[in-house]
Every structure is written in structure tokens, then in C-alpha cells.
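The following exercises ask the reader to work from the coordinates to a description of a fold. Each task is followed by a solution in steps.

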Amino acid sequence: IVNNKYIEDFEKLYSILYKTMGNYSNFGDYDIIYIGYPIWWSDMPQIIYTFLESYNFDDKIIIPFSTHGGSGLAGTVNKIEEKLTRSTVIPNAFTISRDIMEKAPDEVKTWLDEIGTLKPVEN
């Protein structure tokens, strides 16, 4: 985030993420929101919960995706649905294991095609 260096100080990292997260003044302009996150200890990181609580997601389409170390989505799609009751959360969220990241480009393309978000590029 800062100079492309890994930040080991959690409080500093959280502060940077929280400040960055608060800069979406045009959030209302979007109808479809992709929310990506790693699965940590069978859950989303707390910063994702903060993000969900910080914006008005009413009437938006939410498309979750994640990476994991073996727990799959770990019920996080249901947690997002519980938080965003006035949104449409797609049920077939994408997740991929950290152990097969080399397959990610093809897996993501297939998933986006399945959920109908890939559109042909117009010339």
C-alpha cells in the first residue's frame, strides 16, 4: 500500500485501509459492487464488515469473491446477505484456494461468464 512494501504494523495498515475506504464519494453511482476478500480463520477480515456498514448498498447487486486456504467461502455469502438485506447478493460467489492460484485467470473468466458479467468488447 505504501511504496509497495508490506506493512507489518496492523494498526498502521488498518488506519491506511480505513482512510482509503472512506474516499468513495461516488459510491451511489454504481449498481453492481464486487467485494473481494481473503478468508481468514473461516471469516472475512473485519475491514470488510466495516466497509459493509459504511456505505448504502440498498438496491445494489453484490458479487462476492474470495481466496482461501482450505475453507472455501466459509459461509461469508450468507453473512453478507445478513448485513445487506436490501441488496441482491449473488449466491454463486467465486472462491479459489491459495494452492491453485495458477488456475485463477481461467477460473475467474469461467465464473464471470457463468454469472453473465462478461460482455463483448465493442470496437
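**Exercise 1. A residue in strand 1**

Task: Determine in which element Ile-35 is found, whether Ile-35 is buried or exposed, and which residues Ile-35 touches beyond four places in sequence.

Solution. The model is a predicted one.
Step 1. Ile-35 belongs to strand 1.
Step 2. The relative accessible area of Ile-35 is 3%. Because buried means under 20%, Ile-35 counts as buried.
Step 3. With residues up to four places away in sequence left out, Ile-35 touches Ile-48, Phe-51, Leu-52, Phe-57, Ile-62, Ile-63, Pro-64 and Phe-65.
Step 4. One of these, Phe-51, lies 16 residues from Ile-35 along the chain, and the C-alpha atoms of the two are separated by 9.6 Å.
Step 5. Strand 1 has a covered face made of Ile-33, Ile-35 and Tyr-37. Its uncovered face consists of Ile-32, Tyr-34, Gly-36 and Pro-38.

**Exercise 2. Confidence and overall order**

Task: State how many helices and strands there are in the protein, and which elements have the lowest and the highest mean pLDDT.

Solution.
Step 1. The protein contains four helices and four strands. Read from the N terminus, the order is α-β-α-β-α-β-β-α.
Step 2. The average pLDDT of the protein is 85, and 77% of the residues score at least 70.
Step 3. Among the elements, helix 1 (residues 10–21) has the lowest mean pLDDT, 66, whereas helix 3 has the highest, 97.
Step 4. Of the 123 residues in the protein, 33% are buried.
Step 5. Among contacts between residues at least 6 apart in sequence, 69% join residues at least 24 apart.

**Exercise 3. Strand pairing**

Task: Establish in which sense, parallel or antiparallel, strand 2 pairs with strand 1, strand 3 and strand 4, and over how many bridges.

Solution.
Step 1. Strand 1 (residues 32–38) pairs with strand 2 (residues 61–68) in the parallel sense, over seven bridges. In this pairing, Gly-36 has Phe-65 as its bridge partner, and Pro-38 stands opposite Thr-67.
Step 2. Strand 2 also pairs in the parallel sense with strand 3 (residues 88–89), over two bridges; here Ile-62 stands opposite Val-89.
Step 3. The pairing of strand 2 with strand 4 (residues 94–97) is parallel as well and has four bridges. Thr-67, which faces Pro-38 in strand 1, stands opposite Ile-96 in strand 4.
Step 4. The connection between strand 1 and strand 2 can now be classified: together with helix 2 (residues 46–54), the two strands make a right-handed β-α-β unit.

**Exercise 4. The buried face of helix 3**

Task: Identify the buried residues of helix 3, and explain why they line one face of the helix.

Solution.
Step 1. In helix 3 (residues 76–83), the buried residues are Thr-76, Val-77 and Ile-80.
Step 2. Viewed down the axis of helix 3, these residues fall within an arc of 105°, so they line one face.
Step 3. As a general background, an α-helix has 3.6 residues a turn, so residues three or four places apart point the same way.
Step 4. The buried residues of helix 3 pack against strand 1, helix 2, strand 2 and strand 3.

**Exercise 5. Nonpolar cores**

Task: Find which members of the largest nonpolar core touch the most other members, and which element gives the most residues to this core.

Solution.
Step 1. The largest nonpolar core has 20 residues, of which Ile-35, Tyr-37, Leu-52, Phe-57, Ile-62 and Ile-80 touch the most other members.
Step 2. Strand 1, helix 2 and helix 3 are the elements that give two or more residues to this core. Helix 2 gives the most, with five residues.
Step 3. Apart from this core lies another one of seven residues, including Ile-63, Phe-94, Trp-111 and Leu-112.
Step 4. For Phe-57, leaving aside neighbours within four places in sequence, the contacts are Phe-27, Ile-33, Ile-35, Phe-51, Leu-52, Ile-62, Leu-84, Arg-86 and Ser-87.

**Exercise 6. Backbone torsions in two loops**

Task: Locate Ser-42 and Ala-74, and give the phi of Ser-42 and of Ala-74.

Solution.
Step 1. Most residues other than glycine have a negative phi.
Step 2. Ser-42, in the loop between strand 1 and helix 2, has a positive phi of about 65° although it is not a glycine. Ser-42 is partly exposed, at 43% relative accessible area.
Step 3. Ala-74, in the loop between strand 2 and helix 3, likewise is not a glycine and has a positive phi, of about 55°. Its relative accessibility is 26%, and Ala-74 counts as partly exposed.

Technical notes:
Residues numbered from 1 in each chain as written. Predicted model: local features only at pLDDT ≥ 70, side-chain atom pairs only at ≥ 80, totals over all residues. Heavy atoms only, no water. Pairing = 2+ DSSP bridges. Right-handed = clockwise from strand over helix to strand, strands pointing away. Buried < 20%, exposed > 50% of the residue type's maximum accessible area, 1.4 Å probe, protein only. Arc of directions from axis to C-beta. Contact = heavy atoms within 4.5 Å. pLDDT = per-residue confidence, 0-100. Core = buried A, V, L, I, M, F, W, Y, C linked by side-chain atoms within 4.5 Å.
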